[in-house]
Each structure stands twice: as C-alpha cells, then as structure tokens.
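Open the model in your viewer and keep the sequence panel visible. The stops below say what to select and what is there.

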Amino acid sequence: MSLLQKLLSIGMYNQQPKQIQQRQPQLNPDFKGVYRPVGNTLQEVYCPRCGSWECSHTQIPINVPGRVKTRYTANLNPFRPFTLVNKKEKVVQQGGTYYQHRFVCNKCGLIFM
Ligand SMILES: [Zn+2]
C-alpha cells in the first residue's frame, strides 16, 4: 500500500476539499409584504385565513390585572383587643397594559402571530 493509498483510506487526504456552501436567505424580490424572523432567516408572512400577502405589523394591547396577596395574621396586640386579625395586603403583580406584536391582514382583517 502506497502512502497516498494509506492517506486516502484514513480520509486525511482530500483531493477536492469540500466547499462549505453558505446559504443566504433568498428573498423574493416580487414579495411586497412583511417578513417574520425565523431563526437567522426571514420568512414571508401570508394571512392564514385568506392567504393574502398584504399583511402588516401591528401591536395589540394586553391588559394584565394586578394581583394582591392578602394575608391574615392573628392579632396578638393587647392594646387592640377588638381586632381579631391583622390584614396585610401585598402587591404580587403590578397590573397594567403592555403591547404584543402581531400581524394584521389588510384584506380580511385577521390578526395573527
Ligand atoms: Zn386575510
């Protein structure tokens, strides 16, 4: 067995090094709608109901109610004999409105993610 054959058999000698193909995201130049990021690429957004490409970005408000945790502890204060329990309220979660990104179809008005 020659040296070349040895190298070929253990795969150390490549006559034609493999070319690493860089796949660039192919964006359709005719597409006039919006894109959604999927991993490192962009995906064309179509309406899931009517299939239209005429979609745009939108924000929808999400209302989050505040949450209050109420704790009752036995009253051990001798100077307040008519109070049986002490009520303590603690705000667990601040309520409010925040906005989430959605797509909206300009044809049928469907809002989707
Ligand atoms: Zn639609």
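Helices (H or I, at least four residues) and strands (E, at least two) are DSSP runs, numbered from the N terminus. Residues are numbered from 1 along each chain as its sequence is written. This is a predicted model, in which local features need pLDDT of at least 70 and side-chain atom pairs count only at pLDDT 80 or more, while totals for chains, interfaces and linings use all residues.

**Whole chain**

Start with everything selected. The chain has one helix and seven strands, in the order α-β-β-β-β-β-β-β from the N terminus on. Colour by pLDDT, the predictor's confidence in each residue, from 0 to 100. The chain average is 84, and 82% of the residues score at least 70. Among the elements, helix H1 (residues 3-9) has the lowest mean pLDDT, 73, and E7 the highest, 96.

A residue is called buried if 20 or more other C-beta atoms lie within 10 Å of its own, exposed if 12 or fewer, and partly exposed in between; C-beta atoms are placed from the backbone. By that count, 4% of the 113 residues are buried. Two residues are in contact if their C-beta atoms, placed from the backbone, lie within 7 Å. Of the contacts between residues at least 6 apart in sequence, 50% join residues at least 24 apart.

**Strands E4 and E5**

Select residues 67-74, strand E4, together with residues 85-93, strand E5. Two strands pair if DSSP finds at least two bridges between them; E4 and E5 pair in the antiparallel sense over eight bridges. To see individual partners, show Tyr72, which stands opposite Lys87 in E5, and Arg71, whose bridge partner in E5 is Lys88.

How many of the eight residues of E4 are buried? The number is zero, so E4 lies largely in the open. E5 is hardly covered either, with zero buried residues among its nine.

Now pick Val92, in strand E5. Is Val92 buried or exposed? Val92 is exposed, because it has 9 other C-beta atoms within 10 Å. Not counting residues up to four places away in sequence, Val92 touches Arg67, Val68 and Lys69. Draw a distance from the C-alpha atom of Val92 to that of Thr70: the separation is 9.6 Å, for residues 22 apart along the chain.

**The sheet E3-E6-E7**

Select residues 55-64 (E3), 96-105 (E6) and 111-112 (E7). These three strands form an open sheet in the order E3-E6-E7, with antiparallel pairing. E3 and E7 are the edge strands, each pairing on one side only. Two bridges join E6 to E7, and Val104 has Ile111 in E7 as its bridge partner.

In strand E6, stop at Thr97. Thr97 is exposed, because it has 8 other C-beta atoms within 10 Å. Leaving aside neighbours within four places in sequence, Thr97 is in contact with Pro61, Ile62 and Asn63. Its C-alpha atom is 8.6 Å from that of Pro65, 32 residues apart along the chain.

**The nonpolar core**

In soluble globular proteins, nonpolar side chains tend to be buried together. A nonpolar core here is a set of buried Ala, Val, Leu, Ile, Met, Phe, Trp, Tyr and Cys residues joined through C-beta atoms within 7 Å. Which residues make up the largest nonpolar core? Select Val45, Cys47, Cys55, Phe103 and Cys105, five residues in all.

End on Phe103. Not counting residues up to four places away in sequence, Phe103 touches Val34, Val45, Cys55, His57, Thr58 and Phe112.
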